[in-house]
Structures are given as structure tokens and as C-alpha cells.
Amino acid sequence: MSLDTEDTAVGTREDEPLSIISDTRLVPAQWRVHLGLIGSILLMASPLLLAFVMSTQTVPEVYDITNVGIGSDGLANYVEVFTTYGMASYMFNSLVMSIVVTVAKIAVSLLAAVALVFYDFRFKNAIFFLILFTLMFPVPVRIVPLYEMMAALGWTNTLLALTGPYVASATAVFLLRQHFMSIPDSLVESAKVDGVGPLRFLWDVLIPMSRGMISGLSVITFIYAWNQYLWPLIVISDQNKQVVQVGMKYLQSVGNAGQTDWGLIMAGAVLTLLPPLLALIVFRGPLLETFGLSE
Amino acid sequence: MTGITTTDLVKRFDDVTAVDGVDLNVREGEFLVLVGPSGCGKSTTLRLLAGLESPTEGAVAIADEDVTTTSPGERDVAMVFQSYALYPHMTARENMTFGLTTATQFTDDEVNDRVAEAAEILDIEDLLDRTPSALSGGEQQRVAIGRALVRDPEVFLMDEPLSNLDAKLRVQMRAELAELHAQLQTTTLYVTHDQVEAMTLGDRVAVMNDGEIQQVAPPQLLYDAPATRFVAEFIGSPGMNTVEGTIKRRGDAVHVTWEQNTVPLPRPVPEAVTSRAGESVVLGVRPEDLSQEKRGPLNMEVTVTEPLGDSLLTRGVVGATEMEVSLPPRSAVNVGDVLSLTADPQRLHLFDVETGAAFYHSADDVASEATDQTARDAPRSRT
């Protein structure tokens, strides 16, 4: 009796690899599902694909709705946004802004998280909830008082004004705090007994142990900063100091006989997309780890 | 002198008193084991010594220097944790030297020499460039001990360092720790809940319960002359049988009786016992000091038999009290049998019912040795 049940169990186990093999045939068994998936991916990617197609077209080609092939302009639009319209300098400004915001935000959040996890002080939880509370006030909500503050400080039109409001981040503090809380107490205590100071512990233990989390956070922060539009538009009035998202808006005013040169704009848009895309591809591993999605 | 002294140490967490007036004196070069059940405050005591907790009251001195308010890093102690506490991203060597390299007291060469020396002692020379994840539990524990060694501290503090190892490895590491201490003679305070570890490792053993030290004594003395009922029941595997009875005096003879059972005390019976005639006391007798005898004074109905190989541990009830007796192996004993037992008159203990304090050990020579031990408190010199 018991032997029989064992046999059946072995039988099912042997069946499993077979079904896996049938899944990897050239034409998948569930081809309808795959067709649906391909369709939905195309749908989601269509704005990007269209932008790329339009970026290679001349103005008349863009306005010809039925023309969805690669245009006759080739890469001329790309060359033009770079040489004539200062795209390189916008992108450089954006890069500087994004890097400064990323580095400063990670540094501040690390210190805040260390304080919240490894130190005991009064009203610790209250302070943590106050930090979380700021999630309810994103930069756009604070734009008027922030601008007044920048004007009072005389920071308008500077990198300080561009990056300052983004440096403190409740999300980053929260994620790092949760991560630090998973570090065993004995590691901290061992460092204390060995006389390792808090900054050295942060640098030599916490940061190496949180490498994945920090890189993931950096990617998110970098992309977030890169994509900022409203605040730079308000606080930076000097076109030379402007970032790429606002720079795109300047391209809109370029064009002959009242016709917007969409080819030029789309070339700018595709270029603008590339740095975040690159960051995503390079750091996809730690990014998944940050959100607990890695296998 | 590099001993540890605590004076009336108290630690309260909100309304829980974890450590309640501990006076402990670890002598220079001594291996003192602090043993007790879970939650008795032994780990908290160790953490107070390390400086990881600050005492509510009392003082801690290491090497005759008051360190009650000194930060852990400045106490010159090294701690070995139950979970090893190795940094996962560092190699064994980096783990051992981390924290040393910043301290200006050592040059790089000195650090290298120390690591090489510690690695040789612990036989981990081949493992120095591996990260903890590539090491087995026993190897990780060696690295953790190595980390303590290279610091050459005044005092080693060990918090259940063998608890995470499997039984066989634990026995092996236990022997190695004893050997290591014989070699280095560093003052060591070792915390464990395992009384076998405590007995085998300790020069002296401190038994702790409910935040209080019950007794500090060499292992054999702890076993032979427990100071309290708790120590008697805790030390030994299994612990001492204890039963509440009454002291009865008939002329010269003194007995302890409960229900239909009677245990005579050997003559001469000291004044401390005779003066309590008629009072309730707790009688203690170890399982191996009970033996089968025809028409013995105790009748035990067997409920469980546990063959241990070298002996047959038999559990049963004497009157209404559960007791254990260690019988010779292969004894013909079955569940439900009624055994007739006698207790070794030289191995009886009496405890006060209220306080649990021992006031009589029938082995006179043992008792006198106990008095000697308490009187002799001279520090042992380093060899």
C-alpha cells in the first residue's frame, strides 16, 4: 500500500521535466498568451517607437499621418539639436544636477537612517514619522514658498537652488532604515567593543553591506532628478544653466512658418531618454534588489 | 591584576529587573563560567561588563580600574558572540584585523604577526582569505575567537559561543577552548545555559537565577555541596532530586520523613539539624546516590526508563514526589515496577523550605571543604 503511493509520487516528479521541455519549443504551447504579451508590449512601447521614427523625419513627413516609416532626414535632427540648439549643454546641466542630487540625497539619507536605527534619542519615532509625513508634500506643492526662500537666500539661477530642495528624501530614509534594521545587533555591538567609531562603521560595514540597496536608490534618484521639469523651469531663468527637460520646451519654439519641427523635438526627446535608460540597464540587478523583487 | 569585579550591579529594563545586585569577582587568569537558565540575567551581566548596557546601579571594575561609565571600546575587552558577528563582506583576515588597523598602537607588521599567530593557534591559516559565507559554523567560530585573540585584551567575554554548533563540534571546540585558555591564561568570563559546558570549562562556575548569583565555586564543589536548592536542581544531568519532608528525632537518631518514606541521617547529626526537629525541610539526593536495596526505606513506582548506555535512568514516584534514580545498566526494571531504594547516607543535603539555602551536607569532609573555599579568596597569580 505504502509502496504504491511512493511510486505515484516518483511518477509525477518524473513528469515535470517533460512539461518544461515542451514549454521551450520554438512555437510555444501557449502561443495565444505570447501573442497577447507581444501586443501589449508594442502598445506600451508605441510612443517611444513613434518618437524614434519621427526623429528621423523632415517636417512635411511628420505632418503626413500615414507615413510611419524611417524618414529621409536620418540622423540630421540629432546633429542639429546638438550643434545649433545647445542640447549638449542642457544635458550636461541635467547630468550635473542629477549627480549632485543623487550623491547628496544618498549621503543625507544614510546619515539620517544611521541616526534613526543605531542611536537612541528622545522622540525618535516622532521624528521618523515627521520625516515620513513629508511624503505628503512633494516639491510642486511647496513651489511658491520654496521659490520665496530661494529668492531670499539669493540662490535663484544657481545649482544650489536647482538641487537643494531634492536633497532630503523620506523615501530614501525609509528604505535605508528598513535595510539597516535587518543588520544583526551583534555586528554593531562587536564594532562597539572593538572601539570602531560610528563613521568608520558606516563607511566600512554599513555601506559595503548595503551596496545593492544604495545603488538601487541611486538609480531611482538619478532618474527622478533627471526628469524634473517644473522646479528648474521656475528657479532657473538663465537659458545656459537650464536642464534638458526644460530645454526640450525651448525646441518647441523652433520651426518654420509656424510649423513646429517635431522631428527636432523627438530627436531631443530620444536623446533625453538615453541616460536614464543606460542607468536602468546597468543597474537593473541592484534596482530589483532594492524593491525586493530579485530572485 | 587583570580581574573583573562587579559591585552590587543592578540592571532594570522598565519594570523588569534583569540583574539584581550581582557581586562577582573574576580573578586574574581565571576561566569563570556564568551559567543559568534562559532569562536569568547572565547575558545582561556580560553585556554590562562589555559596556553594551549601562548599569542602573553598581559598579564594574576591570583590572582594578572603574570602567562603569567607560565606553566599550576603551575597556580593553574582546567579546565572542553566539552568532559569531562576522562581517559578511570581509574576509576572515579582514574580520580579524578590522578595528585594529585604525588603533595607532599597532603597526601593520605587528598586526600581520598577530593574525599569523592567532591563525596558527586556531589552525585557520588556510581560511584567512575566505569570506564567512565560505566557512562552516565551526570555522566561523574559530575566526570569531581569532578576532578576539589578535586584540590581546585584558579580558575575554564569551556569550554562548558554542550554542550554534552541532553537538559533536561543540564537544571538540569545548576542548579546544579549554586548551586555548591553558595556553593563554587570559581572564575569561564565559556565559552559557549548558551546565555541562560550565562544569567542563570553568575554573569556577557561577550559577545565576532570577538576576542573582546563587553560588560561585569550582565545578566539583558546586556538584557536591550546592549552596541552594536551585543550584542542586540545576547542576547535574539530571539534577538533584528534592522532596519536602519533616525532620523527626528519636533519641540520637534523626530522620527525614515524608508520607511513608523515611531517610535516616548519618551520625553524628550537627546542631544545625537537630535544632530544627519537627520542622519542614527539603531533602536533596542525587539520582546516582540512590540504589536498589531489599526492604529499603524508599518505595518508587517506575513511570519511565531511559537507558543511557552506561546507566539506566529510571523515573518514578516516591509517595507523591517525582524522583529519578540512576541504576546500573541492563537492570531488569519495567514501567509499573515498585523499586525498593536506599539513599547513600554520606550524600544527603538539606535545604531550608523558605529560602532554599542549604544548611546541611552529610558528607562532612565536603562541607568543611566548602567553608575553606569561601574563606580562601586569595588571587591566583599568573603562571
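# Briefing: chains A and B of a predicted complex

Chain A has an average pLDDT of 81, with 88% of its residues scoring at least 70; pLDDT is the predictor's confidence in each residue, from 0 to 100. This is a predicted model, in which local features need pLDDT of at least 70 and side-chain atom pairs count only at pLDDT 80 or more, while totals for chains, interfaces and linings use all residues. Residues are numbered from 1 along each chain as its sequence is written, chains are lettered from A and ligands numbered from 1 in the order in which they are written, and side-chain values use heavy atoms, with hydrogens and water left out.

**Chain A on its own**

- Take care with residues 1-20 of chain A: pLDDT stays under 50 there, and the model has 0 contacts for them beyond four places in sequence (contact means heavy atoms within 4.5 Å).
- You will find 16 helices and 2 strands in chain A; helices (H or I, at least four residues) and strands (E, at least two) are DSSP runs, numbered from the N terminus.
- Chain A has 295 residues, and 37% of them count as buried (buried means under 20% relative accessible area, exposed over 50%, partly exposed in between, with a 1.4 Å probe and protein chains only).
- Of the contacts in chain A between residues at least 6 apart in sequence, 71% join residues at least 24 apart.
- Helix H11 (residues 198-209) of chain A has Phe201(A), Leu202(A), Val205(A), Leu206(A) and Pro208(A) buried.
- An α-helix has 3.6 residues a turn, so residues three or four places apart point the same way.
- The partners that the buried residues of H11(A) pack against are helices H5 (87-118), H9 (170-181), H10 (185-193) and H12 (211-226) of chain A.

**Where the chains meet**

- On the chain B side 22 residues are in contact with 16 residues of chain A.
- Together the two chains bury about 1600 Å², 64% of it on carbon and sulfur atoms; buried area is the accessible area (1.4 Å probe) that two parts lose on being put together, summed over both.
- Tyr87(B), His89(B) and Phe98(B) lose the most area to chain A within chain B, together 33% of what that side buries.
- There are 2 salt bridges between the chains, where a salt bridge is a side-chain nitrogen of Lys or Arg within 4 Å of a carboxyl oxygen of Asp or Glu.
- Arg151(B) forms a salt bridge with Asp194(A), their closest N and O atoms being 2.9 Å apart.
- Between the chains, 7 residue pairs (both at pLDDT 80 or more) are in polar contact; that is a pair of N or O atoms within 3.5 Å, where within protein one must be able to donate a hydrogen and the other to accept it, and residues adjacent in sequence count only if both atoms are side-chain atoms.
- Helix H1 (42-50) and strand S6 (77-80) of chain B each supply at least two residues of the side that touches chain A, and the largest share, 3 residues, comes from S6(B).

**Two charged residues in chain B**

- Glu324(B) sits in strand S18 (residues 321-327) of chain B and counts as buried because its relative accessibility is 14%.
- The side chain of Glu324(B) makes a polar contact of 3.2 Å with that of Arg315(B).
- Arg276(B) belongs to the loop between helix H9 (271-274) and strand S14 (280-285) of chain B.
- The side chains of Arg276(B) and Asp352(B) are joined by a polar contact of 2.8 Å.
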